[in-house]
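Me: Could you give me a close look at one part of this model, namely the packing of helix against helix? I'd love a connected account that I can follow with the structure open beside me.

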Amino acid sequence: MRLNFRSLLALLLCELLLMATGCRGPAVRPHGVTPTPPPGSLAAYLQKSYLDLFELSPELHFTAEQIQAERGRMQQSREYCVARYKERASEYGGQLKQTEDELERRTHTLNDKQRHEMHCKIQDLQTLQSQSEMLGGHAIPTAYDNRAAKLELIEKWPAERLRIQQEIASGAYHGRRWANVKDIGFRVIAADQEKDIKAGQEAVEQLKRQGMMPKEVEDKAIVDYVTAVAERVAAHSDLRVPLHVTVLNTKEINAFALPGGYLFIERGLLEAAENESQLAGVIAHELAHVTARHAHKLITRATIASIFYQAAQVAAVILTGGIVGIGLYYALQYGFFGLGLVLNLKLLGVSREYELEADQLGIQYAWSSGYDPRGYIQFFDKIATREGYVNGVSWFRTHPPFYQRMVDSEREILFLPAKEEMIEQTSAFEEMKKSLHKVRAQADKDEKNRPTLFAKEKGCPAPKKLEYTPGQPIESICFDTQAETPGTPATPPPASAPTAPAPPEPPPSASGSPSCQPSP
């Protein structure tokens, strides 16, 4: 068979796009990977927290061969899991197109019950496709990045810890950047902070005018509490401008700061934090962006609002699989995972260097405020391990590698002078969490009646869930026996389950996936 230029080009593109589901066979399950690794195994240690591993790793004695073998298994597992959910998203897309086509063909012959059932089916498939795309494109890679960082910590931390101890013993740590922690509040991190006030104020006003700012939490007790924590941290930081605190009523796990001292905390972050030191650690990190004038350094030609709008377009593509245009407004207001992804995607997450600077300064500010600075590491680990697969996806997008951030944060903590009775938890935090339950319940109720990117059909069964149970290892959504068939929610198998069956067949041609067969 003679191949023309178009055929050769198609073959070449398919060769280059091997990661596209239309150009590869079904994902092949790696051998020997189970949702529950045996106790004492290297894989089991990777499910522990960063703080635990900082303590345990010097006593672990895994060989270089064992670590390399585990790294290879993780890479295979990651590739399998990502491919598996991309295949599932393609399958759901095929089923969705078939159902939509059928609805169009039969629309004049359907009775009310049949039409309702088809509307519910379309709605369910839209949700399942979106969840699969989010899992395969963002949540699963984040989880495996986190796992890889813990493996690197087990491998490298013992030697790194020895170097830190030597720096402390020799006094060399006094020569690090911003080592003058006893002068916090009297030192200059970046001059002319006050020049950013106008830019931040105009940005807030512009975002509100354009409908790009979510609603605020109106519960006075919650707002007063968050403001009090933020003001405590600010008073023990290098901030030289007035602080303006806003609590946004969104479920995204995030926080962000605009130039000039405008701090925004999202409701989802308050729900995710387990103690006050974790909340203070995040606030300290965001205030560090202000004291170092990172936004001013980043924004040289474009306005803040234009950057946000461009980021919103990117986020809309991520969250909706490419649907933009008229639906963008609704994606912004009532998107699947809140507005935090939009707000942090371009403005503060764009520079790895700045994130590392904010980590170091944030650790110092939390310490200076009397909080346990390890609360920040606790929160980082919690989001990456248990929450980041859905609402925390923006927290890690375009951020530095996990290992570098965790080690740099722990190094800074070890360099700080010891303090007694560091704050971890308070009764005020616990009272705030109680008040938060009512706010969330009302927000969930209001959300049901708000417009969404997709039409809502009332009276449908609840959409099936694909995300794994918080606290379960990532393998529980990749290798369980219950999630092999699209439409079946993922449930972790018993610990004794040996292996999972092969993944589903590749999606049918109706899914719209490109063919890798050459044209005649």
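Reply: Happy to, and a good place to begin is how the chain meets itself: among contacts between residues at least 6 apart in sequence, 79% join residues at least 24 apart. Please keep in mind that this is a predicted model. The protein has 19 helices and three strands, and 52% of its 520 residues count as buried.

Two numbers will come up again and again. A pair of packed helices is described by the angle between the axes and by the distance between them.

Let's start with α7 (residues 220-235) and α9 (residues 276-291), whose axes lie 9 Å apart at an angle of about 60°. That angle is why α7 counts as oblique to α9. The crossing of α7 past α9 is right-handed. On the α7 side, the contact is built from Tyr225, Val226, Val229, Ala230, Val233 and Ala234. Facing them from α9 are Glu276, Leu279, Ala280, Ile283, Ala284 and Leu287. Sorted by class, this contact has eleven nonpolar residues, no polar ones and one charged residue.

Now follow α9 to its other partner in this account, α14 (residues 352-368). Here the axes are 7 Å apart and the angle is about 115°. Once more the crossing is right-handed, with α9 passing α14. From α9 come Ala284, His285, Ala288, His289 and Thr291, while α14 supplies Tyr354, Glu355, Ala358, Asp359, Leu361, Gly362, Tyr365 and Ala366. This contact is a mixture of seven nonpolar, four polar and two charged residues. If you click on Ala284, you'll find a residue that takes part in the contact with α7 and also in the contact with α14.

Next, α14 can be traced on to α17 (residues 402-415), where the two axes are 9 Å apart and make an angle of about 30°. Angles under 35 degrees count as roughly parallel, so α14 and α17 are roughly parallel to each other. This crossing is right-handed too. The α14 residues involved are Glu355, Leu356, Asp359, Gln360, Ile363 and Gln364, and α17 answers with Gln404, Arg405, Asp408, Ser409, Glu412 and Ile413. By class, there are three nonpolar, four polar and five charged residues in this contact. Glu355 and Asp359 of α14 are worth highlighting: both are listed in the contact with α17, and both are listed in the contact with α9.

The loops that follow these helices hold two backbone details you may like to check. After α9, in the loop that leads to α10 (294-298), sits Arg293. Arg293 has a positive phi of about 55° although it is not a glycine. With a relative accessibility of 9%, under the 20% cut-off, Arg293 counts as buried. The loop between α17 and α18 contains Glu421, which also has a positive phi of about 55° without being a glycine. Glu421, however, has a relative accessibility of 77% and therefore counts as exposed.

Elsewhere, the chain is tied by a covalent link. The structure has one disulfide, and it joins Cys120 to Cys460 with an S to S distance of 1.9 Å. The link is left-handed, at -85° about the S-S bond. Its two ends come from distant parts of the chain, 340 residues apart: Cys120 belongs to helix α5 (residues 112-170), and Cys460 belongs to the loop between α18 (427-448) and α19 (475-478). Both Cys120 and Cys460 are buried.

Right beside Cys120 in sequence is His119, which brings us to a last stop, Thr99 in helix α4 (residues 64-106). The C-alpha atoms of Thr99 and His119 are 9.1 Å apart, although 20 residues separate the two along the chain. Thr99 is buried, with a relative accessible area of 4%. Beyond its neighbours within four places in sequence, Thr99 is in contact with Met118, Lys121, Ile122 and Leu125.

Notes. Residues numbered from 1 in each chain as written. Predicted model: local features only at pLDDT ≥ 70, side-chain atom pairs only at ≥ 80, totals over all residues. Heavy atoms only, no water. Disulfide = S-S within 2.5 Å. Helix = DSSP H or I, 4+ residues; strand = E, 2+ residues; numbered from the N terminus. Buried < 20%, exposed > 50% of the residue type's maximum accessible area, 1.4 Å probe, protein only. Axes fitted to C-alpha atoms, helices over the stretch in contact; angles between N-to-C directions. Parallel < 35°, antiparallel > 145°, perpendicular 65-115°, else oblique. Left-handed = near helix turned anticlockwise from the far one by under 90°. Contact = heavy atoms within 4.5 Å. Nonpolar A, V, L, I, M, F, W, Y, C, P; charged D, E, K, R; others polar.
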